[in-house]
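Visitor: I'm new here, and I'd like to understand the labels people put on a structure like this one. Could you take me through them slowly?

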Amino acid sequence: MSDAVRRDTIAARRAAAATEERARRRQLIVEAAARVIEEYGTDTGLNVVADRAGLPRPHVYRHFTGKEDLDQAVARHAARLLSAWIRPSLSAPGTPPEVVYAIIGRVLSWAVAHPNLYRFRARLGTAQAVPELADAAVVNLRAAGYDAQLPAYVVAGVVGMVDAGIIWWFDHRDETGLDQLNDWLAAQVWRVVAEALGQPPAATPAP
């Protein structure tokens, strides 16, 4: 190996290592911010995030263009956590209404366990979760015999409705039980999906 090739190889390895280290630190900050939000709420200051990540505050913005960039990264992280939690129910056996009921139940259980992070994710949008949910819904509906092709806007609307219902429930827990909310949301989601498929929403999700 010539000296020039050796120098290029060493430079490439160093550049790759530096890129990997930046990605690791960025993820460290995102996870620290998510923990802080879970513990203290959605409006926690950057100082607390930096302390939790073990970094000086100025170092945080070396990895993000600003607060909005950090917030979006945390929202995407929360969406990935939620998607991973509900994924088993996306391929569970059952009729489409039964699967809808199970999915809503999984979302509710995650929201109850992570209320501040759920609020934060919902506040910053849910677009990153829509394609996966839409694809999973189509697979399940086709397996049930439906000629399914749910438009992304239908899935986005359903996700928005579920978010709004859950956030309302956070602030009115004494007015509505969690099971009642699960029943209502599942029924409404199935009505929207059935209408999008041109099907009568006769079957109501059941526990």
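Guide: Happy to. An angle between two axes runs from 0 to 180 degrees, taken between the N-to-C directions. This is a predicted model, by the way.

Visitor: Then why is helix 8 called roughly antiparallel to helix 9?

Guide: Their axes cross at roughly 165°. Angles over 145 degrees count as roughly antiparallel, so helix 8 earns that label against helix 9. The two axes come within 10 Å, and the crossing is right-handed.

Visitor: How do you know that helix 8 and helix 9 are in contact, and which residues meet?

Guide: Contact means heavy atoms within 4.5 Å. On the helix 8 side that picks out Val154, Val158, Met161, Val162, Gly165, Ile166 and Trp169. Facing them in helix 9 are Leu178, Leu181, Leu185, Gln188, Val189, Val192 and Ala196.

Visitor: What classes do the residues of that contact fall into?

Guide: Twelve are nonpolar, two are polar and no charged residue takes part. Gly counts as polar here, so Gly165 of helix 8 goes into the polar group.

Visitor: What makes helix 5 oblique to helix 9?

Guide: Helix 5 (residues 96-113) and helix 9 (residues 178-196) have axes that cross at roughly 135°. That value is not over 145, nor does it fall in the 65 to 115 range or under 35, so it belongs with the rest, which count as oblique. Helix 5 is therefore oblique to helix 9. The crossing is right-handed, with the axes coming within 9 Å.

Visitor: Which residues make the contact of helix 5 with helix 9?

Guide: Among them are Pro96, Pro97, Val100 and Tyr101 of helix 5, along with Leu185, Ala186, Val189 and Trp190 of helix 9. By class, this contact has 13 nonpolar residues, two polar and one charged.

Visitor: And why is helix 6 called oblique to helix 8?

Guide: The axes of helix 6 (residues 115-123) and helix 8 (residues 152-171) cross at roughly 140° and come within 11 Å. Again the angle is not over 145, so helix 6 counts as oblique to helix 8. This crossing is left-handed.

Visitor: Which residues meet there, and how many are charged?

Guide: Pro115, Tyr118, Arg119, Arg121 and Ala122 of helix 6 meet Val162, Asp163, Ile166, Ile167, Phe170 and Asp171 of helix 8. Four of the residues in this contact are charged, seven are nonpolar and none is polar.

Visitor: What about the largest pocket, and which residues lie nearest its centre?

Guide: Thr44, Val49, Lys67, Leu70 and Asp71 do, out of 13 lining residues. The pocket's volume is about 150 Å³.

Terms used
Residues numbered from 1 in each chain as written. Predicted model: local features only at pLDDT ≥ 70, side-chain atom pairs only at ≥ 80, totals over all residues. Heavy atoms only, no water. 1 Å grid on protein atoms, 1.4 Å probe; cavity = no way out; pocket = protein on both sides within 12 Å on 5 of 7 lines; lining within 4 Å. Points joined across faces, edges and corners; volume = space filled by probe spheres on them. Helix = DSSP H or I, 4+ residues; strand = E, 2+ residues; numbered from the N terminus. Left-handed = near helix turned anticlockwise from the far one by under 90°.
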